[in-house]
Amino acid sequence: DIRRHPFDLLCCVPDPLAMTAELPRIEASDGCSSGSLPQASSTTRWGRVPLLMVFSGWVAVQALNNVFLYRVQKAMSVHASMLMNCIWPLATLLLCFLACLLRLLWQRWAQGDTAHLGLRWFSPRSPAASAQGVVPQMWMLRFAFWDQLHAVSLSRAAPFIPLVLIAPLGNTLVLWTALLSCLYLRTKLRRLHLVAIVLVVLSCVAGVVVELQGPPKEVCEGLSVASAALQHAEVLESTVEAMEQAKMSCTRGLPPYRDSRGLVVYVPAGILVAAYILYMVARLPAAITICYKQKKMQKVNLDVMWAFLWTSVWQVVCGVAFLPLDWLPWPVPGGHSTKSPATFFTDLSDCWSCFLGVDPGQEVVASCSADPAWAVFLVYMLLNLAYNLVGMWLIKNLSAMWISIGSILCGNLVRVFSQLALLSGGSAAPMTLERALALALSSVAIYVYNMERAEQVSSTSTCNSAIEDTVV
């Protein structure tokens with residue numbers, strides 16, 4: 001039965017744009033019939049690409065994207081939120097515009113259609129935005145709002161968490177997405193789906209349990225005695241510093257904070273706990289945006305690149321709107337944030353200096369010069385462009401739950417990449433046995449989830465109904 005083998009089905013689908021009519025696990029939004037989306041021509045380039053290759057490539061790109069994003073946030077330290085509010089939205093918009101322009105020029109050359117593929121395509125009221133014509137800009141604003149809230153929230157929490165723990169904590173996206181799929185997309189999850197979600201939770205716990213237990217008490221006491229003895233002995237200063245780092249690393253509970261050079265910096269336990277909680281809660285906006293995108297994109301067969309372009313435009317607006325959040329007294333390594341409206345231009349200048357690899361000088365943790373943020377950011381932006389474009393295409397043609405499942409596979413690859421100093425910089429760390437077990441457990445959860453079909457509860461709305469013509 002082809003319905004019971006989704007991975008085989010992914011390999012065999014000849015036309016990915018017709019996935020809403022063929023994939024059993026697509027939660028068609030708004031009660032749309034499976035044939036409501038326009039079918040793509042069999043001669044389309046995308047139609048000849050096996051969907052499994054697209055999905056697997058997207059997972060790999062997402063993993064690299066997350067690794068480089070973490071590295072940028074670690075290097076920028078206290079300036080990470082300013083980067084995500086000011087520089088990141090503008091850079092995303094620029095790259096997206098260039099990608100859309102190249103795509104438009106290629107289509108004009110390949111199809112010879114100069115009447116419909118002109119500059120009007122970029123208009124907020126472009127008739128080519130969807131199969132039903134003009135799309136409300138309020139949809140794009142909501143896309144951008146939740147994307148920006150997710151990015152800003154993660155930029156506050158991620159620097160306090162080791163890269164190897166980012167993946168298991170990020171798996172909470174599956175929990176949020178499953179909840180919203182039931183409540184918002186009206187997806188009916190069966191017993192095996194709930195079992196798979198429990199396995200995801202257990203994989204999160206398995207990945208952090210050893211870190212929470214910490215080393216034996218005797219080891220930490222011995223390091224403290226040795227460190228105190230070396231303070232009065234005639235040994236090299238580097239030896240004393242190495243012993244001090246070992247003593248600070250020997251903690252029971254959450255792993256200590258390390259800067260971009262890999263050095264331990266003291267951060268109160270309460271701040272670390274708050275950062276871990278914030279990171280897991282920050283995955284909720286990501287679940288909201290992928291569920292909302294699925295519903296709207298499948299409803300009108302929304303053009304992916306047009307949607308991403310105008311989402312990027314509104315994300316610049318949202319980045320400016322979220323700037324006041326940067327003026328709250330957020331905890332930072334070595335104290336708390338002192339940013340305010342009066343120091344905005346100074347903070348922006350410091351952020352730009354840190355971005356270029358120059359320490360502004362007033363931070364307790366001088367991490368800006370330890371890793372070239374601008375170079376890592378450039379690689380990250382290219383990966384981010386591919387990740388977002390292909391991700392929106394997959395949301396449209398698969399479902400929000402498939403995207404959250406892909407995030408689990410992505411987390412598994414992040415744990416592999418986090419061992420490589422070439423990719424992870426000073427935050428690189430070997431994969432321990434418990435993290436490998438967590439990886440295996442989350443992979444089993446994916447298989448269990450796909451053993452049974454998720455059904456869509458019928459709705460009274462139809463895809464063919466006219467969309468509201470409200471433009472912000």
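Where is the place of M82? M82 sits in helix α4. I'll come back to that residue after a few words on the model as a whole.

What you have on the screen is a predicted model. The mean pLDDT of the chain is 74, and 69% of the residues reach 70 or more. Over residues 1–48 the pLDDT is below 50, and beyond near neighbours in sequence this stretch has 106 contacts in the model. Residues 458–472 also have a pLDDT below 50, with 34 contacts in the model beyond near neighbours in sequence. Where pLDDT is low, the predicted coordinates should not be read in detail. I will leave those two stretches there.

Now the overall numbers. The chain has 472 residues, and 50% of them count as buried. There are 18 helices and six strands. If you take the contacts between residues at least 6 apart in sequence, 80% join residues at least 24 apart. The accessible surface comes to about 20,700 Å², and 68% of that belongs to carbon and sulfur atoms.

Back to M82. Is M82 buried or exposed? M82 counts as buried, because its relative accessibility is 0% and the cut-off for buried is under 20%. Leaving out residues up to four places away in sequence, M82 touches I87, L323, D326, K339, F344, D347, L348 and C351. Take C351 from that list: M82 and C351 are 269 residues apart in sequence, yet their C-alpha atoms are 6.8 Å apart in space.

Staying with helix α4, which covers residues 80–111, the next item is how α4 packs on helix α15, residues 373–397. The angle between the two is about 55°, and their axes are 10 Å apart. That angle makes α4 oblique to α15. The crossing is right-handed. Which residues of α4 meet α15? On the α4 side they are L83, M84, I87, W88, A91, T92, L95, C96 and A99. On the α15 side they are F377, Y380, M381, L382, N384 and L385.

The second helix pair is α5, residues 137–157, with α12. Here the angle is about 160° and the axes are 8 Å apart. So α5 is roughly antiparallel to α12, and the crossing of these two is left-handed. From α5, the contact uses W139, R142, F143, W146, D147, L149, H150 and L154. From α12 the list includes R283, P285, Y292, K296 and V300.

Just past α12 there is a loop, and N301 is in it, between α12 (283–300) and α13 (304–321). Most residues other than glycine have a negative phi. N301 is not a glycine, but its phi is positive, about 55°. N301 counts as buried, because its relative accessibility is 16%.

One more loop residue, P268. Where is P268 found? P268 lies between β3 (264–265) and α11 (269–281). With 34% relative accessibility, P268 counts as partly exposed. P268 and P331 are 63 residues apart in sequence, and 9.8 Å apart in space from C-alpha to C-alpha.

To recap the residues: M82 in α4 counts as buried at 0% relative accessibility, N301 counts as buried at 16%, and P268 counts as partly exposed at 34%. On the helix pairs, α4 is oblique to α15, while α5 is roughly antiparallel to α12. That is what I have.

Methods. Residues are numbered from 1 along each chain as its sequence is written. This is a predicted model: local features need pLDDT of at least 70, side-chain atom pairs count only at pLDDT 80 or more; totals for chains, interfaces and linings use all residues. Side-chain values use heavy atoms; hydrogens and water are left out. pLDDT is the predictor's confidence in each residue, from 0 to 100. Contact means heavy atoms within 4.5 Å. Helices (H or I, at least four residues) and strands (E, at least two) are DSSP runs, numbered from the N terminus. Buried means under 20% relative accessible area, exposed over 50%, partly exposed in between (1.4 Å probe, protein chains only). Accessible areas come from the Shrake-Rupley method with a 1.4 Å probe; for residues, only the protein chains shown count as cover. Axes are lines fitted to C-alpha atoms, for helices over the stretch in contact, and angles run from 0 to 180 degrees between N-to-C directions. Angles under 35 degrees count as roughly parallel, over 145 as roughly antiparallel, 65 to 115 as roughly perpendicular and the rest as oblique. A crossing is left-handed if the near helix is turned anticlockwise from the far one by less than a right angle, and right-handed if clockwise.
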